[in-house]
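Subject: The structure I promised you

Hi,

Here is the structure we talked about, ready for you to open and turn around on your screen. Have a look at it first, then read on for what turned up in it.

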Amino acid sequence: MPSTHNVVIIGSGPAGLTAAIYTARASLAPLVLEGEPSSTSDQPGGQLMLTTEVENFPGFPEGIMGPDLMANFRAQAVRFGAETRLEKVSRVDVSERPFKIWVGDPDAAEPTYLAHSVIVSTGARALM
């Protein structure tokens, strides 16, 4: 049986990494499951990884590139103690505690991770 994490965050866009920063600062040692790199679907770092100039984010009067902004988010979360993994969640069971999270085969008998809390921040998908 896998060890139990205080907090597992599913998603690594702005919401997921903000949650990672705050839970890490609260000494909860969050695990962030970022997803897997893909050219056709979801992406670690969220939609901002596909965005060029971000001109409406506080603290950057000249703007910042989306991937640079997300690299800053991630670095700050890691600095405070968040652990990140490039893994895509395939199944979550919240019917009992600890919560169960699978990566890879969703039909595997044992979950990959256990968690006291799960934050799902998988965001949206752009329509092209």
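Let's start from the outside: the chain exposes about 7600 Å², and carbon and sulfur atoms supply 53% of that area. Keep in mind that this is a predicted model, so every value here is computed from it.

**The overall picture**

The chain has two helices and eight strands. Reading from the N terminus, the elements go β-α-β-β-β-α-β-β-β-β. If you want a feel for the dimensions, the C-alpha trace spans about 50 × 35 × 20 Å along its principal axes.

Does the radius of gyration fit a compact globule, or does it miss? For 128 residues, such a globule would come out near 14 Å, and the chain has 15 Å, so the two agree. As for burial, 34% of the 128 residues count as buried. Among contacts with a separation of 6 or more, 50% are between residues 24 or more positions apart.

**Strand β1 and its partners**

A good place to zoom in is β1, residues 4-10. This strand is mostly covered, with five of its seven residues buried. Which strands does β1 pair with? One is β8 (residues 113-120), which runs parallel to β1 and is joined to it by six bridges. Another is β2 (residues 31-33), also in the parallel sense, over three bridges. To get from β1 to β2, the chain passes through helix α1 (residues 14-25), and this β-α-β crossover is right-handed.

Try clicking on I9, since you can use it to find both partners: I9 stands opposite I119 in β8, and opposite V32 in β2.

Two more residues of β1 are worth a click. H5 lies in this strand. Buried or exposed? H5 is buried, because its relative accessible area is 15% and the cut-off for buried is under 20%. Leaving aside neighbours within four places in sequence, H5 is in contact with L31, Y113, L114, A115 and H116.

I10 is in β1 as well. With a relative accessible area of 9%, I10 is buried too. Not counting residues up to four places away in sequence, I10 touches L33, V89, V92, V118, I119, V120, S121 and T122. You can also check a distance here: I10 and L114 are 104 residues apart in sequence, but 13 Å apart in space from C-alpha to C-alpha.

**The nonpolar cores**

Here is a general idea to carry along: in soluble globular proteins, nonpolar side chains tend to be buried together. In this model, the largest nonpolar core has 16 residues, and I9, A20, V32, L69 and A82 touch the most other members. β1, α1 and α2 (66-79) each supply at least two residues of this core. Which element gives the largest share? That is α1, with five residues.

A82 shows how parts of the chain meet. Apart from neighbours within four places in sequence, A82 is in contact with A20, A24, P30, V32 and A77. Another core, of eight residues, lies apart from the largest one; V8, I10, L31 and A115 are among its members.

**The hairpin and a cis bond**

Now move along to β6 (residues 89-93) and β7 (residues 99-103). These strands run antiparallel and are joined by four bridges. V89 stands opposite V103 in β7. A hairpin of five residues connects β6 to β7.

P98 lies in the loop between these two strands. R97 and P98 are joined by a cis peptide bond, with omega at about -5 degrees.

**Two positive phi angles**

Most residues other than glycine have a negative phi, and most peptide bonds are trans. Where should you look for positive phi values? Go to the loop between α1 and β2, where S27 is found and A29 lies too. S27 has a positive phi of about 60 degrees although it is not a glycine. A29, not a glycine either, has a positive phi of about 50 degrees.

How covered are they? S27 is exposed, because its relative accessible area is 63% and exposed means over 50%. A29 is partly exposed, with a value of 46%.

Enjoy exploring, and write back with any questions!

Methods:
Residues numbered from 1 in each chain as written. Predicted model: local features only at pLDDT ≥ 70, side-chain atom pairs only at ≥ 80, totals over all residues. Heavy atoms only, no water. Buried < 20%, exposed > 50% of the residue type's maximum accessible area, 1.4 Å probe, protein only. Pairing = 2+ DSSP bridges. Right-handed = clockwise from strand over helix to strand, strands pointing away. Contact = heavy atoms within 4.5 Å. Rg over C-alpha atoms; globule rule 2.2 N^0.38 Å. Areas by Shrake-Rupley, 256 points an atom, 1.4 Å probe, with all protein chains shown as cover. Core = buried A, V, L, I, M, F, W, Y, C linked by side-chain atoms within 4.5 Å.
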